[in-house]
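Visitor: Could you walk me through this one? I'd like to begin somewhere in the strands and then move around as questions come up.

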Amino acid sequence: MKRSRIPLIVAVICFVFLYLPIIVLVINSFNGSRFGSVWGGFSLKWYARLFSDREVWFSLRNTLIIAVSATALSVVLGTLAAFALHRYKTRLQVLHYTLIYTPLVVPDILMGMSLLLLFVSVAMPLGLFTILLAHVTFCISYVAMVVLARLQDFDWSLMMAASDLGAGPWTSFRRVLLPLIMPGIVSGGLLAFTLSLDDFVITFFVAGPGSATLPIQIYSMIRHGSPPMINALSTLLLVFTFTMVWTSQRLMRRTT
Amino acid sequence: MEEFLVFDKVSKSFGDVQALKNVSLSVKKGEIFSLLGPSGCGKTTLLRVAAGFERPDSGRVYLDGEDITDIPPNRRKVNTIFQNYALFPHMSVWENIAFGLKVAGMPGARITEEVNRMLALVHMEDQARKKPDQISGGQKQRVAIARALINKPRVLLLDEPLAALDLKLRQRMIIELDSIHDEVGITFLFVTHDQGEAMSLSDQIAVMNEGNVEQVGTPVQIYEAPVSSFSAAFIGDANFFEGMVSRVEGADYSRLSIEGFPEVLCFNDQPRSQGDLVYLSVRPEKVRISRDRPRDDERVNMVEGAVEDVIYLGSHTRYWVRVDQYRLAVTRQHQRFQLDEKPVTWGDSVWLSWHADDGFMLQRYEEKDEDLLAFLPEGEE
Ligand SMILES: Nc1ncnc2c1ncn2[C@@H]1O[C@H](COP(=O)(O)OP(=O)(O)O)[C@@H](O)[C@H]1O
Ligand SMILES: [Mg+2]
């Protein structure tokens, strides 16, 4: 009996549909011609131009400042939230869990809009700080969920064993609990970093003048027309994001 | 030998479950002391009280004369072997064993020396670099022992340490535990629900039931002279008959009237008086079974019955014999000379006999002893 080829064909079409634009983008970033439809020979000039663009560097600086501080804050807060969710089982925790869980399911546009309304209503000037707050808001959730999953697998009798062997609460935490949930924390952090790095929708709402992040810069470059540079920038971002996600997943897998 | 680890009227409840009811016990220095009882009787709770993981609601715990009730687990000189071993999965065997000394801040060179000594004690020298998930159950057990012993605890607490091992390994570990104990001379407090383990390892056994200590004694005392019907039924097999003391014969013996039996003579291990309601208990291996009526002896009880079941068990045979309303378990070892006899089989009418000293009387507490039915001897070992 001959197996139907239809599933294979559908799969190929799906992949082409999903990944062809990205592949074209990557190829075009090395295209010497200004127009994507014509191959003007291999060239790195778009990359060169990209690196000499002051605004790009400025937005990259913004992005990194926000991504690093949002990651740091959300790792600490998210981990603490995960601990609280795991340790204490009161009715208030149901509310807590819902609060943590909501940003994962609420559409970005709703998040961005409501945050904007909030900042405006308390007359907070829009800028790096509001972006940071917005990013921390959703990053906490991701960190908390990843760390919580890790904690749920944790065998608490190990803490008893540590204490039995003479370790005080702090030593048990540092030598036993922390190393064992560290992969969760690191992978939550990497996830938060990646999400913060390429968030567009929410950032777009809460960004003010002079606080453009890289994704916003890219958007405005499209509007003011320099597509080949965007191709180059997107390619770099793509490589970076892939590396992060890959690392995060490896860390997650290795110790489970 | 002096009293070393003492529980003084320790009680502990979880909600409305009374896990320990006024438990007093004293463990002597250097001995292997077992807590033996069915699951849920409070053994683990008592061990956790000793380790410091559970604070008693009332009562005190003393170690070597010092009241340790309020000392947190990390500052008690006792160590625990957990039932699931609780080895640190992110550390190698070596690091696991070294953990206690590192925490205590011992210099590195001495740690290395001590860890190597411990690895040798438990025969794990060649596994030192492996992680816990790369070694077998028996090896994990050894690492757990080494990790606890390296701290030179005054008392080693073991919570059903052999329960997770298969039968062969368990028997080997019993021997190994015993030799480790001989070598280090540390007091062991050993929790088990397996009477075989308790019997073969212990110097003293405390039989526990529903949060109470029913009896404390050597394995021989516990087996040969149980003081409660629970001990008698839980440890080894026993036949029970409801009876009443009809006559006390001097200080040593009583005559019992038991329905369906001729008058039975039994040794008094405590003073009895006429009219006492008792259980007569006789272990299956103490009863002799024969086709012919045994020779008369004033100290030997005899009764006629009918064989209902014969179960051949290799080293011995178990017979179930009907005598009036009772079904007695009787075991007989196989001996060469018996092979000539015509074997006792199903439906035979036989004589059962046992010496008056081999039975023992237990006070009949009315309702509680209903539970004895749960512990009647079973068909096989
Ligand atoms: N942390 C706890 N919370 C509630 N009940 C408990 C707890 N620990 C033990 N118990 C109860 O106490 C009783 C004795 O338990 P345990 O000491 O573990 O028995 P054993 O070790 O003899 O099987 C059981 O009824 C058990 O359900
Ligand atoms: Mg237990």
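Guide: Let me start with a pair of strands in chain B: strand 16, residues 300–312, and strand 17 of chain B run antiparallel to each other and are joined by six bridges. Please keep in mind throughout that this is a predicted model.

Visitor: Which residue stands opposite B:Ala306 there?

Guide: That is B:Arg322, which belongs to strand 17 of chain B.

Visitor: And what sits between those two strands, how many residues are in the hairpin?

Guide: Three residues separate strand 16 of chain B from strand 17 of chain B in that hairpin, and B:Gly314 there adopts a positive phi near 80°.

Visitor: Which strand does strand 17 of chain B pair with over eight bridges?

Guide: Strand 18 of chain B, residues 326–333, is that partner, and the pairing is again described as antiparallel. Within this pair B:Arg322 faces B:Arg327 of strand 18, so B:Arg322 is a useful residue to keep in view, given that it also stands opposite B:Ala306.

Visitor: What does the turn between 17 and 18 of chain B look like?

Guide: The two strands form a hairpin with two residues between them, and B:Asp324, located in the turn, has a positive phi of about 55°.

Visitor: Is strand 17 of chain B mostly covered or mostly open?

Guide: Mostly covered: strand 17 of chain B comprises residues 316–323, and seven of those eight residues are buried.

Visitor: Switching to the ligand. Which residues are around ligand 1?

Guide: The shell is drawn from chain B and consists of B:Phe14, B:Val17, B:Ala19, B:Pro38, B:Ser39, B:Gly40, B:Cys41, B:Gly42, B:Lys43, B:Thr44 and B:Thr45. By residue class, five of them are nonpolar, five are polar and one is charged.

Visitor: What polar contacts does ligand 1 make, say with B:Thr45?

Guide: An N or O atom in the side chain of B:Thr45 is 2.5 Å from an oxygen atom of ligand 1. There are backbone contacts as well: a polar backbone atom of B:Gly42 is 3.0 Å from a ligand 1 oxygen, and a backbone N or O atom of B:Lys43 is 2.9 Å from an oxygen of ligand 1.

Visitor: How much of ligand 1 does the protein cover?

Guide: On its own ligand 1 has 560 Å² of accessible area, and the protein covers 60% of that. Strand 2 (17–28) and helix 1 (43–51) of chain B are the elements that each give two or more residues to the shell, and the largest share, three residues, comes from helix 1 of chain B.

Visitor: Where does strand 2 of chain B sit in its sheet?

Guide: The sheet is an open one of four strands in chain B, with antiparallel pairing and the order 2-1-4-5. Strand 2 and strand 5 (66–67) of chain B are its edge strands, each pairing on one side only. Strand 1 of chain B, residues 3–14, pairs with strand 2 of chain B in the antiparallel sense over eight bridges, and one of the bridge partnerships joins B:Leu5 to B:Val27 in strand 2.

Visitor: Zooming out, what are the totals for chain B?

Guide: Chain B contains eight helices and 20 strands, its C-alpha trace spans about 75 × 50 × 35 Å along the principal axes, and 53% of its 381 residues are buried.

Visitor: And how many helices and strands does chain A have?

Guide: Chain A has eleven helices and zero strands. Its C-alpha trace spans about 70 × 70 × 35 Å along the principal axes, and buried residues account for 43% of its 256 residues.

Visitor: Why does A:Thr194 count as buried?

Guide: A:Thr194 counts as buried because its relative accessibility is 9%, and the cut-off for buried is under 20%. This residue is found in helix 8 of chain A, residues 169–197, and a polar atom of its side chain lies 2.6 Å from the backbone oxygen of A:Leu190.

Visitor: Last topic, how many disulfides are there over all chains?

Guide: The count is zero over all chains, where a pair of cysteine sulfur atoms would have to lie within 2.5 Å. As for cysteines in chain A, A:Cys14 is partly exposed at 41% relative accessible area, whereas A:Cys139 is buried at 0%.

Conventions
Residues numbered from 1 in each chain as written. Chains lettered and ligands numbered in written order. Heavy atoms only, no water. Near = heavy atom within 4 Å. Polar contact = N/O pair within 3.5 Å; in protein donor to acceptor, adjacent residues only side chain to side chain. Areas by Shrake-Rupley, 256 points an atom, 1.4 Å probe, with all protein chains shown as cover. Nonpolar A, V, L, I, M, F, W, Y, C, P; charged D, E, K, R; others polar. Buried < 20%, exposed > 50% of the residue type's maximum accessible area, 1.4 Å probe, protein only. Pairing = 2+ DSSP bridges.
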